[in-house]
Amino acid sequence: MKVFVTRLRRNKYSEWQNLGSQAVQDVVERLDRSYQAFFDWCKTKAGPRKHPPKFKKYWKYNSFTLKQAGWSIDGNTIRIMGKKFRFWLHRPYNGTVKTVTVKRTPHGDYYIVLSVVEDIFLPDVHAGNAVGIDFGLKTFLTLSDGTKIESPQWLLRGLENVRRANRQLSRKAKGSGNRKRARLHYAKVHEDISNQRRDWFYKLARSLTTAYTVICLEDLNLDAMKRLWGRKVSDLGFSEFVHILEYEALLNGCEIIKIDRWFPSSKACHCCGTINDSLSLKDRSWDCPSCHAHLDRDVNAAINILNQGMLSKFGKVVI
Ligand SMILES: [Zn+2]
């Protein structure tokens, strides 16, 4: 690896000499990780298909990582390779900084990401109320107690803005100044909406993980969902939300139980267990053919997810 680092630093592009040795090492390490993941996939063929790393335009490379050396932090000033930068601290931290990553967003803002080893107090998971969550297109999520949480209107309007900015961008001639401006605008709109969405996700995740001690949800198969529902799935950011939910659960002493993705949560009646194969995506509510219960599609799915989660964890259905 060392050979590669020195070779990279001595190539014909002078930019490499301006980069700290740590950052160059990080480039090599990222490359190595990517190849390793690809080789591992080739051996086992498990999980989604992995590809070997590809060549990347230099302007697409938007972050670098420093480890032990090449930086020092003093209050809200960071010194990187002899240059001082002031930053705004998002939240206080206690502990040793392990890595410093400088990130550039597509819009051109800069972030410093610190990874810190911190001693935090994690509350124990305790028995209490459990809930099942069903994700959906119509309602963002439905709880097994019947609560429905919609995506906020401003979020949906924001997505419309993103699409409009994208349309404007694709109309501009390639290489023109207008296109450059439209691209920056698009990046800005995109960044705004993803910031707003993340903020909403954190607040929602916090309120759920403090209100419930056990949360059951389906292990999402995003590729299958995209095939079924189209691109909208990625707009809604389910996987980002699950990630945030897991993080908040850890902090608030809540347990997340993921159930098997092949469990027919929508098609099974939660009262008697009959599977209704004629249920289509359009049916928002249905009547069970054997016990005649009137079921709301999403609430029924959420209850099934809760029961299945409890069954897999505690061996019995607790309601
Ligand atoms: Zn039934």
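**Entry 1: the zinc site**

I started with the zinc ion, whose site is tetrahedral, with angles of 104 to 113° among its 4 donor atoms. I kept in mind that this is a predicted model. Which residues supply the protein donors of the zinc ion? I found C269, C272, C288 and C291, each through its SG atom, lying 2.3 Å from the ion. Reading along the sequence, I noted their spacing as C-x2-C-x15-C-x2-C. I then placed two of these donors: C269 sits in the loop between β11 (255-259) and β12 (285-287), and C288 in the loop between β12 and β13 (294-296), so this pair ties together parts that are 19 residues apart in sequence. Are C269 and C288 buried or exposed? I found both of them buried.

**Entry 2: helix α9**

Next I turned to helix α9, which covers residues 297-314. I checked its length: its 18 residues, at 1.5 Å a residue, should span 26 Å, and the end C-alpha atoms are indeed 26 Å apart, so the two agree. I also looked at how the helix sits in its surroundings: 13 of its 18 residues are buried, so α9 is largely enclosed by the rest of the structure.

Then I looked at both ends. What caps the N-terminal end of α9? I found D296 there, with a side-chain oxygen 3.0 Å from the backbone nitrogen of D298. After the helix comes G315, and I noted that its phi is positive, near 80°.

**Entry 3: aromatic rings**

I went on to the aromatic rings. A pair of them is described by the distance of the centres and the angle of the planes. I counted 12 aromatic pairs. In the pair F140 and F201, the ring centres are 5.7 Å apart and the planes are at 25°, under the 30 degrees needed, so I call the pair stacked. F140 belongs to the loop between β7 (130-135) and β8 (141-143), while F201 is in helix α5 (residues 177-211), so the pair ties together parts 61 residues apart in sequence. Both F140 and F201 are buried.

F140 has another partner, F238: their ring centres are 5.5 Å apart and their planes at 20°, so this pair is stacked too. Which parts of the chain does the pair link? I traced F140 to the loop between β7 and β8 and F238 to helix α8 (residues 238-252), distant parts of the chain, with the two positions 98 residues apart. I looked up their accessibility as well. F140 has 2% relative accessibility, so F140 counts as buried. F238 has 1%, so F238 counts as buried as well.

I closed this entry with the wider group: F135, F140, W200, F201, F238 and F241 form one aromatic cluster.

**Entry 4: salt bridges**

Side chains of opposite charge can pair when their charged atoms come close. How many salt bridges does the structure hold? My count is 13.

I began with R163 and E160, whose side chains meet in a salt bridge at 3.3 Å, N to O. Both lie in helix α4 (residues 153-171), 3 residues apart, which is about one turn of the helix. R163 has a relative accessible area of 35%, so R163 is partly exposed. E160 also counts as partly exposed, at 33% relative accessibility. I noted R167 here too, since E160, R163 and R167 are linked in a network of salt bridges.

Then I looked at K258, which forms a salt bridge with E246, the closest N and O atoms being 3.1 Å apart. This pair links distant parts of the chain, with K258 in strand β11 and E246 in helix α8, 12 residues apart. K258 counts as partly exposed, at 38% relative accessibility. E246 counts as partly exposed at 33%.

My last bridge took me back to α9. E255 forms a salt bridge with K313, with the closest N and O atoms 2.9 Å apart. E255 is in strand β11 and K313 in helix α9, so the pair ties together parts that are 58 residues apart in sequence. K313 is partly exposed, at 42% relative accessibility.

**Entry 5: a look at D74**

Finally, I picked out D74, which lies in strand β2 (residues 71-74). Is D74 buried or exposed? With a relative accessible area of 61%, D74 is exposed. I also took its distance to G158: the two are 84 residues apart in sequence, and their C-alpha atoms are 38 Å apart in space.

Terms used: Residues numbered from 1 in each chain as written. Predicted model: local features only at pLDDT ≥ 70, side-chain atom pairs only at ≥ 80, totals over all residues. Heavy atoms only, no water. Donors = N, O, S within 2.8 Å, 3.2 Å for Na, K, Ca; no water. Tetrahedral: all angles 85-135°; square planar, octahedral: opposite > 155°, others 65-115°. Helix = DSSP H or I, 4+ residues; strand = E, 2+ residues; numbered from the N terminus. Buried < 20%, exposed > 50% of the residue type's maximum accessible area, 1.4 Å probe, protein only. Expected span 1.5 Å × (residues − 1). Polar contact = N/O pair within 3.5 Å; in protein donor to acceptor, adjacent residues only side chain to side chain. Phe/Tyr/Trp six-rings, centres within 6.5 Å; stacked < 30°, edge-to-face > 60°. Salt bridge = Lys/Arg side-chain N within 4 Å of Asp/Glu carboxyl O.
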